[in-house]
Amino acid sequence: MLDFVAKAKWEAWSQLSNMEKSEAEEKYVQLVDKLLGQDSQTDSSELLTSNEGGVFTVKFNRPSKKNAFSIQMYRDIISGLDKAAADPSVRVLVLTGEGEFYSSGNDLKNVAVLGEPGGLEKAHKGLDLLSEFIDRFIFFPKPLVAAVNGPAIGLAVTTLGLCDFVYASDKATFHTPFSSLGITAEGCSTLLFQQIMGPARANEIILYGRKLSAAEAYSWGLVGDVIPNSHFKQEVTERIKHLAALPPQAVQLTKKLSRGTVATLLQAANKREVEVLKGRFVSEEAIEAATQFFKK
């Protein structure tokens, strides 16, 4: 999930192991921020967008960070969704990742602001942005396609339930390690996953943190189809072209009828999940879980 883990393992515990708990917690946040700063190479553009043939494509472009979502990416994806929704030439929106990963979810640096002056307020604003981000998925009026080209983690998994079509490469995996990190699920998954796959399987994913293969995600209903990686891009492109060629008003009205019955429930679930997360990130459990993560 994190690309600096190997660097952190020894340094973190050589510094924290002999401290009192309160001091260790403060030093831990500072240390994470330091490590993130040392590994702060940025891509020229974190999000690539294109609009061609009625298909608006949003590509997560932080391959050196496994396409983790930065604060700026949340803003840019919101902007892209708004632009695509308002543009009558756009018939379909596609989400995909650059490189080997689809996305590793929320960037840990978004939480590392807790170690800064006014950090709690900044973290809460970040979570309010997350809530706005999820609302855009809930109310997006046109077909929303996730082309999962590789591993997906955390938020990159939970938001799949809000997409209309999910196509996965056979190289993709799906992992939501919320409980092991001492935090709670988001992306409306506490509501949608039970509807998609039933309570028992939903609990395997969002409570137990079971990692699914592409084939398992398909059999559980999270993914609509699995396509061999060797021709994944070509096959998905053909399916999207077909979708974009369908009468757009009929497609959008059918989506509105389907989503309209549950949209308010999804919005309420999103609000509840984010409010709980605001407390979890500063909880003893979350701090202890993160500390244990570095100890492994």
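The legends below describe close-up views of a predicted model.

Residue numbers start at 1 in each chain and follow its sequence as written. Because the model is predicted, local features need pLDDT of at least 70 and side-chain atom pairs count only at pLDDT 80 or more, while totals for chains, interfaces and linings use all residues; side-chain values use heavy atoms, with hydrogens and water left out.

**View 1. The whole protein has 13 helices and 9 strands.**
Helices (H or I, at least four residues) and strands (E, at least two) are DSSP runs, numbered from the N terminus. Of the 296 residues, 49% are buried, where buried means under 20% relative accessible area, exposed over 50%, and partly exposed in between (1.4 Å probe, protein chains only). The accessible surface comes to about 14,200 Å², and carbon and sulfur atoms hold 53% of this area. Accessible areas come from the Shrake-Rupley method with a 1.4 Å probe; for residues, only the protein chains shown count as cover. Among contacts with a separation of 6 or more, 72% join residues 24 or more positions apart; a contact means heavy atoms within 4.5 Å.

**View 2. Strands S1, S2 and S3 are joined by antiparallel and parallel pairing.**
Two strands pair if DSSP finds at least two bridges between them. Strand S1 (47-52) and strand S2 (55-60) are antiparallel, with 6 bridges. Two positions show this pairing: Thr 49 is opposite Val 58 of S2, and Glu 52 is opposite Val 55 of S2. The two strands make a hairpin with 2 residues between them, and Gly 53 in the turn has a positive phi of about 60 degrees. S2 also runs parallel to S3, again with 6 bridges. Here Lys 59 has Thr 96 of S3 as its bridge partner.

**View 3. The second largest pocket has a lining that includes residues from S1, S2, S3 and H10.**
On a 1 Å grid over the protein atoms alone, a pocket is an open set of points with protein on both sides within 12 Å along at least five of seven lines, whereas a cavity is a set where a 1.4 Å probe fits but cannot get out; lining residues have an atom within 4 Å of a point. The volume of this pocket is about 600 Å³. Grid points are joined across faces, edges and corners, and a volume is the space filled by probe spheres set on the points. There are 22 lining residues, and Thr 57, Val 94, Lys 233, Thr 237 and Ile 240 lie nearest the centre. Helix H10 contributes the most, with 6 residues. By residue class, the lining has 7 nonpolar, 10 polar and 5 charged members. Ala, Val, Leu, Ile, Met, Phe, Trp, Tyr, Cys and Pro count as nonpolar, Asp, Glu, Lys and Arg as charged, and the others, Gly among them, as polar.

**View 4. The largest cavity holds about 50 Å³ of space.**
The structure has 2 cavities of 30 Å³ or more. The largest cavity is lined by Phe 60, Phe 69, Ile 77, Leu 95, Tyr 102, Phe 133, Phe 137, Leu 155, Ala 156 and Thr 159. Helix H5 (119-139) and helix H6 (155-158) are the elements that give two or more residues to this lining. The lining residues comprise 9 nonpolar, 1 polar and no charged.

**View 5. The second largest cavity has a volume of about 30 Å³.**
Its lining consists of Arg 91, Val 92, Pro 143, Leu 243, Ala 244, Leu 246, Pro 248 and Val 251. At least two of these residues come from helix H10 (232-245), and at least two from helix H11 (248-260). In this lining, 7 residues are nonpolar, none is polar and 1 is charged.

**View 6. Leu 130 is part of helix H5.**
With a relative accessibility of 7%, Leu 130 counts as buried. Apart from neighbours within four places in sequence, Leu 130 contacts Tyr 74, Leu 155, Val 274 and Leu 277. From C-alpha to C-alpha, Leu 130 and Leu 155 are 9.8 Å apart, with 25 residues of separation in sequence. Leu 155 is also one of the residues lining the largest cavity.

**View 7. An open sheet of 3 strands has the order S5-S7-S8 and mixed pairing.**
Strand S5 (152-153) and strand S8 (212-213) are at the edges and have a single partner strand each, so one side of each lacks a neighbour in the sheet. Strand S7 (residues 173-175) pairs with S8 in the antiparallel sense over 2 bridges. In this pair, Phe 174 has Leu 212 of S8 as its bridge partner.
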